[in-house]
Amino acid sequence: MADAVMRGRGRWGRLRPVALAIGLGGVAGLGHPPFDLWPLTLVAFAGAFALLMQTAGWRAAFWLGLSFGTGYFAVSLNWIVEPFFVDPLRHAWMAPFAIVFLSVGLSLFWAAAFALGKLLSPSGWPVVLTMTGAELVRAYILTGFPWAMPAYVLVDRMVGQVASFVGSHGLNLLFLSAALILAHFITQRGRKRGAFAVASVVALLVLGWPMSAPNSTASIPDVRPIVRLIQPNAPQHQKWDREYVGIFFERLVRFTSAGEARPDLIVWPETAVPVLLNYADESLEIIAKSARGVPVVLGLNRFEGNRLYNTAVLLDSAGSVSAIYDKHHLVPFGEYIPLGDLLSWFGVTGMASRDGDGFSAGPGPTVMDLGVLGKALLLICYEAVFPQDVRATPERPEFILHLTNDAWFGNFSGPFQHLSQARMRAIENGLPVLRAANTGVSAAIDAHGRVLAALDLNTEGYLDVPLPEARPATLYTQSGDKPVAAIVVLLLLLTGWRKGGRMRLTPS
């Protein structure tokens with residue numbers, strides 16, 4: 001009996017750090033919308049770094065990072081199960097696998113970062129560099145998935161504006177450094193603890209300073225063009241239902257024609273038109289008539305040969321399609337299936353594809369000339385997640401136009417996190433963002449990432465908003481992620497070289 005109790009205590013002793021790390025990761029995830037408890041993210045990262053300092057070696061550090069990351073991504077990406085319940089008979093069985101595999105899979109990047117940080121130093125301090133590097137890799141490898149980066153919790157803080165200089169990855173490095181300072185305060189004793197206490201207070205003041213609200217009374221030197229953002233509020237499970245398609249289309253048309261004063265541009269959200277562009281002549285004629293000479297940007301699907309595209313088109317003042325943009329950064333397992341020809345034999349197809357087995361990617365980021373409004377960078381849904389895509393256009397736009405259907409992301413966290421990331425794109429590039437979302441949140445965002453006007457989630461309506469002014473091209477727009485990546489790689493190489501030198505000087 002006593003032996004069994006001791007074995008049980010021994011197993012719990014081994015599992016306790018894992019359970020604690022998972023719990024800290026879950027707390028860290030609460031910094032993202034809809035909770036927005038950014039101090040908890042900082043404290044939780046500090047706690048994880050403090051545990052790293054006390055681990056015995058790189059293997060234990062690996063499991064610590066894996067556990068911490070799993071808890072973090074399970075909480076921050078809880079919305080990932082929502083798309084599987086749009087058509088529950090076909091996809092609901094995959095929901096538990098999605099949240100488990102995604103959380104554990106993404107946490108492998110952090111596990112490797114924790115292990116490498118411990119290998120480079122017994123205290124593990126290089127983890128701020130290895131974690132920044134891991135997030136860079138996560139943003140690019142296998143088409144990338146940088147959703148829920150730690151830096152995004154700072155979008156409402158003044159320090160978030162630093163992203164215009166160093167991007168979100170540079171902001172990651174700053175945030176993780178502050179967490180490491182706090183971790184040293186937690187673990188140190190004596191005089192060093194006092195020094196780290198002062199440094200922690202300074203870090204908290206810097207990170208916590210709120211961003212100023214937009215000045216609505218500021219004088220505007222010229223009359224800005226007016227853009228109408230339409231939100232039809234079509235729940236995903238009803239969006240393509242024949243009983244509801246006409247209701248949603250009529251709603252869009254009614255909001256398009258509303259009011260005596262006419263805007264300079266009308267924007268419908270992603271896949272708003274319920275027919276393919278190839279067969280949409282009658283629908284486009286109705287839209288053009290309701291717009292009364294105002295250009296309309298709208299989302300729909302189209303075929304070209306045997307390829308299907310998720311598309312945004314410009315319907316000009318004459319009612320003709322004068323520009324087309326095809327989404328180029330597609331959602332894996334949503335809009336297309338990696339190794340799709342093979343997996344289709346097992347009945348695995350993209351959830352968002354209604355015709356064919358999946359979408360094809362467009363040629364890449366481009367700008368669309370919108371007349372008096374200037375040139376806009378078109379982003380469709382998921383494309384707003386990627387910092388690198390916004391600055392990949394051949395010329396700088398005047399603003400970002402984001403068409404999205406966030407009904408896929410549920411009603412709790414996904415739509416608000418997507419909005420937060422669109423705000424970070426505005427900060428990084430000094431460009432305003434106009435966002436038309438199917439179920440919300442449609443919004444006008446200024447070049448500092450502040451929301452000037454918005455429609456609530458799950459409401460129907462429209463916003464007439466003046467186009468905010470762009471700022472001068474930011475340092476991040478000009479340089480991208482390369483400087484931060486170079487700094488991280490250089491410092492890691494220097495740390496590794498110094499560690500190798502110390503090992504050679506240590507007597508055997």
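These questions and answers look at the cores, the cavity and one helix of a predicted model.

Q: What makes the set of 92 residues a nonpolar core?
A: A nonpolar core is a set of buried residues of kinds such as Phe and Leu, joined through side-chain atoms within 4.5 Å. The largest such core here has 92 residues, and those with the most contacts inside it are Phe-45, Phe-49, Phe-114, Leu-370 and Leu-401. Helix H2, which runs over residues 38–54, gives the largest share of this core, 11 residues. A second, separate core has 20 residues, among them Ala-280, Ile-287, Ala-291 and Val-313.

Q: Which residues does Leu-401 touch, leaving aside those up to four places away in sequence?
A: Leu-401 touches Val-267, Val-297, Leu-370, Ala-376, Leu-377, Leu-378, Leu-379 and Leu-434.

Q: Why is the space of about 90 Å³ called a cavity?
A: The name applies because a cavity is a set of points where a 1.4 Å probe fits but cannot get out. The structure holds 1 cavity of 30 Å³ or more, and about 90 Å³ of space lies in the largest cavity. Of the 13 residues that line the largest cavity, the closest to its centre are Ala-234, Lys-239, Phe-248, Thr-271 and Ala-272. By class, this lining has 10 nonpolar, 2 polar and 1 charged residues, and helix H10 (residues 242–257) provides the largest share, 4 residues.

Q: How do you know that the span of helix H3 agrees with its 19 residues?
A: At 1.5 Å a residue, helix H3 (residues 58–76) should span 27 Å, and its end C-alpha atoms are 26 Å apart, so the two values agree.

Q: What makes Phe-68 in H3 count as buried?
A: Buried means under 20% relative accessible area, and Phe-68 is one of the buried residues of H3, which also include Leu-64, Tyr-72 and Phe-73.

Key. Residues are numbered from 1 along each chain as its sequence is written. This is a predicted model: local features need pLDDT of at least 70, side-chain atom pairs count only at pLDDT 80 or more; totals for chains, interfaces and linings use all residues. Side-chain values use heavy atoms; hydrogens and water are left out. Buried means under 20% relative accessible area, exposed over 50%, partly exposed in between (1.4 Å probe, protein chains only). Helices (H or I, at least four residues) and strands (E, at least two) are DSSP runs, numbered from the N terminus. Contact means heavy atoms within 4.5 Å. On a 1 Å grid over the protein atoms alone, a cavity is a set of points where a 1.4 Å probe fits but cannot get out, and a pocket is an open set with protein on both sides within 12 Å along at least five of seven lines; lining residues have an atom within 4 Å of a point. Grid points are joined across faces, edges and corners, and a volume is the space filled by probe spheres set on the points. Ala, Val, Leu, Ile, Met, Phe, Trp, Tyr, Cys and Pro count as nonpolar, Asp, Glu, Lys and Arg as charged, and the others, Gly among them, as polar. The expected span of a helix is 1.5 Å times one less than its number of residues.
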